[in-house]
Amino acid sequence: MAAGPEMPEVPDPGGSGASSHSDPPKALPEAWQPLLGRPALAELLGHPLAGAALQEMCRLLPPHLAVHSLRTFLLADACARTHGIAYDRGGLLAAAAFHDAGLVGRTPLGRGGFPYRSAQLLDHFLARHQVGTVRRMTLTRAVREHMRPFPARDAGPEARLLHFGVWLDVTGRGERQVPGDRRLLAGLAPTPRFALSFSARVVACGLRRVLPGSPVTHR
C-alpha cells in the first residue's frame, strides 16, 4: 500500500465509537484475513465502532460484496495517506461496510435507490452505537452519494474518499493516484468477475424501486 503520514483518528462527538478500544472482532471470515492484516485495517480492529461495523458487514453482505467493501476502505485510506488527508477512519470503515447494504434483500427501494437504502441502514447502525448527529450526517451523505459520477463540490473528505475507493475497486478509475494498490488488494482477496456480478445486482435492484420513501431520520 502507498506509504504516507499516519491519519489522526477523529473522536466521536456523540458517544462511543472509534475513540476508545475494546477486544478485536472475532470469527470474521477467512477470506477477509489478508485484508484485515493490512495496517490501515489492523489498526482499527480494537475500536468498538469498527469492530461492530465488521460484524454487521459479515451478517448483512454476501462474501464478494464484503470483500469489495474492505478493499474500498483500504484504497480510500491509501489515497488519504498519499495526499496527507485527515479523515474519520472508524467512521469511513463503517460507511464502507454499509455502502452496498441496500443491494441485499428484497425490501422495496424508494427515491434514491440502493445508496439511499444503504444510508438508512448505516444511520440506524450509527444511532444504535450512539454516534453524534453531525458525524452521522457526514457518513450517511458519503454513502448516499457514492454512486455519483463525481463527488459534489462541497463533499467532505469522507465522501470523497469513499467515492474514490468504490470507483477504483470496481472500475479502476483513479489508479494513478495509488499505483499498484488495486492489483495488490485484488491479489490478496480476489473476487473474479466482480464488476459483472455487481452490475447485475445493481440492475436487479433497480427493478424493485417503488414510490419515494421516508428520508433518513437523524435522531
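I began with the largest pocket, whose lining residues divide into seven nonpolar, three polar and two charged; I note here that the model is a predicted one. The space in this largest pocket comes to about 180 Å³. I then listed its lining, which consists of Cys79, Phe150, Pro151, Arg160, Leu161, His163, Phe164, Trp167, Leu168, Arg173, Gly174 and Gln177. When I looked up which element supplies the largest share of that lining, I found helix H8 (residues 157-171), with six residues.

Next I turned to enclosed space, and I found that the structure holds one cavity of 30 Å³ or more. The largest cavity contains about 30 Å³ of space, and I wrote down its lining as Ala142, Glu145, His146, Pro151, Ala152, Ala155, Ala159 and His163. Sorted by class, this cavity lining has five nonpolar residues, two polar ones and one charged one. I marked Pro151 and His163 in my notes, as they line the largest cavity and are also among the residues that line the largest pocket.

I moved on to helix packing, and started with H6 (residues 113-128) and H7 (residues 133-144). The axes of H6 and H7 come within 8 Å and cross at roughly 155 degrees. Angles over 145 degrees count as roughly antiparallel, and I therefore entered H6 and H7 as roughly antiparallel to each other. I recorded the crossing in which H6 passes H7 as right-handed. On the H6 side, the contact is made by Pro115, Tyr116, Ser118, Ala119, Leu122, Asp123, Leu126 and Ala127, while H7 contributes Arg136, Leu139, Thr140, Val143 and Arg144. I sorted the residues of this H6 and H7 contact into eight nonpolar, two polar and three charged.

My last entry concerns H6 again, this time with helix H3 (residues 48-60), where the two helices pack at an angle of about 135 degrees and their axes lie 11 Å apart. That angle makes H3 oblique to H6, and I noted that their crossing is right-handed. From H3 the contact uses Leu49, Ala52, Ala53 and Glu56, and from H6 it uses Phe125, Leu126 and Arg128. The residues of this contact divide into five nonpolar and two charged, with no polar residue. I underlined Leu126 of H6, which takes part in the contact with H3 and also in the contact with H7.

Conventions. Residues numbered from 1 in each chain as written. Predicted model: local features only at pLDDT ≥ 70, side-chain atom pairs only at ≥ 80, totals over all residues. Heavy atoms only, no water. Axes fitted to C-alpha atoms, helices over the stretch in contact; angles between N-to-C directions. Helix = DSSP H or I, 4+ residues; strand = E, 2+ residues; numbered from the N terminus. Parallel < 35°, antiparallel > 145°, perpendicular 65-115°, else oblique. Left-handed = near helix turned anticlockwise from the far one by under 90°. Contact = heavy atoms within 4.5 Å. Nonpolar A, V, L, I, M, F, W, Y, C, P; charged D, E, K, R; others polar. 1 Å grid on protein atoms, 1.4 Å probe; cavity = no way out; pocket = protein on both sides within 12 Å on 5 of 7 lines; lining within 4 Å. Points joined across faces, edges and corners; volume = space filled by probe spheres on them.
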